[in-house]
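Work through the following exercises with the sequence and the model at hand. Each task is followed by a solution in steps.

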Number of protein chains: 2
Amino acid sequence: MGEFELIRHYFAAAACAQAADGVVLGIGDDCALLEMPAGEQLAVSTDTLVAGVHFPVDAPGELLGQRALAVSVSDLAAMGATPLAFTLALTLPEVSPDWLADFTAGLERMARQCGVRLVGGDTTRGPLSLTLTVFGRVPVGLALTRAGARPGDLLCVGGTLGNGAGALPFVLGERAEQVHSAELLAHYWSPAPQLQLGQALRGLATAALDISDGLLADCEHIAQASGVALFIEEAQLPLSNALLACMGDEAARQLALGGGDDYVLAFTLPAEKLDALRAMGQPVWVIGRVEAGQGVHLLDADGRVIKPRYSGYQHFGSNRD
Amino acid sequence: MGEFELIRHYFAAAACAQAADGVVLGIGDDCALLEMPAGEQLAVSTDTLVAGVHFPVDAPGELLGQRALAVSVSDLAAMGATPLAFTLALTLPEVSPDWLADFTAGLERMARQCGVRLVGGDTTRGPLSLTLTVFGRVPVGLALTRAGARPGDLLCVGGTLGNGAGALPFVLGERAEQVHSAELLAHYWSPAPQLQLGQALRGLATAALDISDGLLADCEHIAQASGVALFIEEAQLPLSNALLACMGDEAARQLALGGGDDYVLAFTLPAEKLDALRAMGQPVWVIGRVEAGQGVHLLDADGRVIKPRYSGYQHFGSNRD
């Protein structure tokens, strides 16, 4: 048995790979078998992370494991889906038992947190990269897409913005850590997919997605898919104290608008649903509104359209896609 | 819009990415949505192919596209599943429109042949590799696993063996092409997943898989999962005329036993089901039998256990996993 065959057995033995509701057959056959209750649809999303492009090549295995899974599960949250399972395709330049144990520990923690089971995958030799495919269930007709926003709806987000991007100088070692950077780093390495919020939004929100590319870029996706204009009030952007303390007010706002790596939900909501959502104890910040038209527009405190001032923001690596 | 964003739009516009039965929502949102009829389970499989490890770095895009999808769909055939959809995570060192058009043409051809839709994925920059995740449907209780072989069953395969491995010297340019090599190369670059056979085996076969690592290695998987011994009669191995012509009798048998890359189904079948399967017009070669015990055993023409003579066979690349 080769060392990569051993890795496959290693993953098959992981706690998150054991049998669970909905998983009829897990790792070890030609396919896994998943059960879908009647009246539910399967939500599927695939993400690839490449070392040196999406994360530092020397990223600690544990942090990488938990972050990779969280980023993928966030797509399920954005559809209002209930997580079910995932597959992991892991390409490694070499087999390091320590790294593998660390990576699996991070994966296990996030899998437990998100209620998702490892049901298959592949381990191959090559430059370090990961492709995760996640599966979730969502009742027929209740999935949240990007296409339903209507004029009059409120534009909302489910948490503070810019933290992931604000963490980047610390992740890359470009800035020395400080009292507030730990909170930003936690946000970067262990984003919490907003699964409860996504499920609460079923039947309430008209459109939703998770912010990965940055608020402005992702709102553009909603505007396009829904055929509407989105107006964002800059003064309403929720910013964490940690981000403000590390970056200052102006840079914090720029990161909130353009930074990406938030993995917080953005959604549109008929105004009359706001109280219901808040009564459910869900986090919600109203940051703007939907109107007829197209594009994404930023408003200053006086309601005048202004040009976003952020420009040169870069994700990790210069050639990320 | 970056060039990789353009590629995502390119794939979204492909014929195989358009709406179809069972695909409620395709490429372009946070998740795809698939519909599962009541009484069916979802079969899922993930495979990664890395340039220089699983295929030559200069492999023609069209051949790579069709082969990658065929290899993945073959896992669905092995479960008796009906193909539904797939996701493609493609990592590319650079964007070549010509290569991309070729790759997509190959992918489209195989997607049409297998009846499978592209529903999502990711395109990233990095060393060339592909991860495909395929989805199929199979009626509850009828999936073919590796675990059901019983003493007394026949051991069967669905086609001639060793062709993919026999093609390798031609794929790698180590041997000059000749009159019969075209047939072997076709087998390597365009394996035909045995979907009809897999579906016909539902309720008939007791165990099944597709031969990717080589007959002996894959039969070991059935023997282990089922807790039985498998006896293979060497004289019964089906060999193509092309393989015999290119390799000679002895090497052809060795490739059939240990070569891999066949993507032909191997399965165990109660003897009384053989006529029914043949009456359905399905290809079937009986190559041995299942007995109580363990392990895989090779028999000569006189029924004596012999040691497999193949040894130094290598898959493409020296470090394939």
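**Exercise 1. Determine through which surfaces the two copies meet, and how they are related in space.**

Step 1. In this predicted model, 100% of the interface residues of chain A are also interface residues in chain B, so the copies meet through the same surface.

Step 2. A turn of 180° with a shift of 0.0 Å along the axis lays chain A on chain B, and the RMSD is 0.0 Å. The two copies are therefore related as by a two-fold rotation axis.

Step 3. To locate the axis within chain A, take the residue of that chain that comes closest to it: this is A:Ala38, whose C-alpha lies at 2.8 Å.

**Exercise 2. Locate the residues of chain A annotated as "binding site", and describe the surroundings of A:Arg146.**

Step 1. According to the unreviewed UniProt entry, the annotation covers A:Gly121, A:Asp122, A:Arg146 and A:Ser212. These positions span 92 residues of sequence and are also spread in space, with up to 31.5 Å between C-alpha atoms.

Step 2. A:Arg146 is placed in the loop between β6 (129-139) and β7 (154-157) of chain A. Its relative accessible area is 13%, below the 20% limit, and A:Arg146 is therefore classed as buried.

Step 3. Beyond residues up to four places away in sequence, A:Arg146 touches residues of both chains. In chain A these are A:Ala207, A:Ala208, A:Leu209, A:His221, A:Ile222, A:Ala225 and A:Ser226. In chain B they are B:Gly28, B:Asp29 and B:Asp30.

Step 4. A:Ser212 lies in the loop between β8 (207-210) and α7 (215-226) of chain A. With a relative accessibility of 19%, A:Ser212 also counts as buried.

**Exercise 3. Characterise the annotated C-terminal domain of chain A.**

Step 1. The unreviewed UniProt entry assigns "domain: PurM-like C-terminal" to residues 150-297 of chain A.

Step 2. This span is 41% helix and 19% strand, and its end C-alpha atoms lie 16 Å apart.

**Exercise 4. Establish whether B:Val284 is buried or exposed, and which residues it contacts.**

Step 1. B:Val284 belongs to the loop between α10 (274-279) and β11 (285-291) of chain B.

Step 2. The relative accessible area of B:Val284 is 9%; since buried means under 20%, the residue is buried.

Step 3. Apart from neighbours within four places in sequence, B:Val284 is in contact with B:Cys156, B:Val157, B:Phe267, B:Leu274, B:Leu277 and B:Arg278.

Step 4. Among these contacts, B:Val157 is 127 residues away along the chain, yet the C-alpha atoms of B:Val284 and B:Val157 are separated by 5.8 Å.

How values were computed
Residues are numbered from 1 along each chain as its sequence is written. Chains are lettered from A and ligands numbered from 1 in the order in which they are written. This is a predicted model: local features need pLDDT of at least 70, side-chain atom pairs count only at pLDDT 80 or more; totals for chains, interfaces and linings use all residues. Side-chain values use heavy atoms; hydrogens and water are left out. Helices (H or I, at least four residues) and strands (E, at least two) are DSSP runs, numbered from the N terminus. Buried means under 20% relative accessible area, exposed over 50%, partly exposed in between (1.4 Å probe, protein chains only). Contact means heavy atoms within 4.5 Å. Copies are superposed by least squares on the C-alpha atoms of residues with pLDDT of at least 70 in both. UniProt positions are given in the numbering used here, feature names are shortened, and annotations may be inferred rather than shown by experiment.
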